[in-house]
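Visitor: Could you teach me how to read a protein model, starting from its surface?
Guide: Gladly; let us look together.

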Amino acid sequence: MQRARSAEAKQQREQAILDAARELGAVRGIRQVTLTDIAEAVGMHKSALLRYFETREQIFLLLTADGWRDWSPSLRASLAALTRGEEATVEAIAGVIAESLASRPMFCDLLAQAPLNLERNVSIEAVREFKLVTLEEVTLLVASFQRLRPGLTEEQAVDLIATATSLAGALWQMATPGPQVEALYRSDPRLSHAIVAVGPRLTRVLTATIRGFTA
């Protein structure tokens, strides 16, 4: 594949790389995808791909930012719909948040990987850009939560978002241990507690969290 020469061609190539990484990550899990895998998927040599992105971590950090841009407006719309119809009980709010995350498995995977790996092998500027994206979306989500629960302080709303996203990432990792380990859990009743259902458990924790904040 020839190197992109125009700005438009470069942008198209970058998008093709991001799309390939997204598809591979969704199938294999983020940790299993290498830079070589992504390069091969777009028909490039690894050294050529590095002309467009610093590292594999930068690629997936950009996808994490995209995930925030997708998740936040969707959740805000669901919360707004909740206020128009069903009474916005603590359980209902927690359920909406949990479902919005559990229905995005790759985003949950990225949420776990971002602080552990993705932010650690990129430039400071890449981290800054990512954090500014999350800050903007968190600010919008805080306003949505405070409209539903006026007694919720800004700090509590931020903590609620942090609890939801960090726990969703951790629970997703627990819920996807790999086929052999999962088979082990299901074959031994003593290990059945290790089989995690992300949505229900996240709903329970968030319900308790919101109740505690608004008590």
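Visitor: How much area does the chain expose, and what share do carbon and sulfur atoms supply?
Guide: Accessible areas come from the Shrake-Rupley method with a 1.4 Å probe, and for residues only the protein chains shown count as cover. Here the chain exposes about 11600 Å², with 53% of it supplied by carbon and sulfur atoms. This is a predicted model: local features need pLDDT of at least 70, side-chain atom pairs count only at pLDDT 80 or more, and totals for chains, interfaces and linings use all residues. Residues are numbered from 1 along each chain as its sequence is written, and side-chain values use heavy atoms, leaving out hydrogens and water.

Visitor: What percentage of the residues is buried?
Guide: Buried means under 20% relative accessible area, exposed over 50%, and partly exposed in between. Of the 215 residues in the chain, 44% are buried.

Visitor: Is Gln-156 buried or exposed?
Guide: Gln-156 counts as buried because its relative accessible area is 18%. Gln-156 sits in helix α8, residues 154-175. Helices are DSSP runs of H or I with at least four residues, strands are E runs of at least two, and both are numbered from the N terminus. The chain has 10 helices and 0 strands.

Visitor: Which residues does Gln-156 contact?
Guide: Contact means heavy atoms within 4.5 Å. Beyond its neighbours within four places in sequence, Gln-156 contacts Gly-151 and Phe-213.

How values were computed:
Buried means under 20% relative accessible area, exposed over 50%, partly exposed in between (1.4 Å probe, protein chains only).
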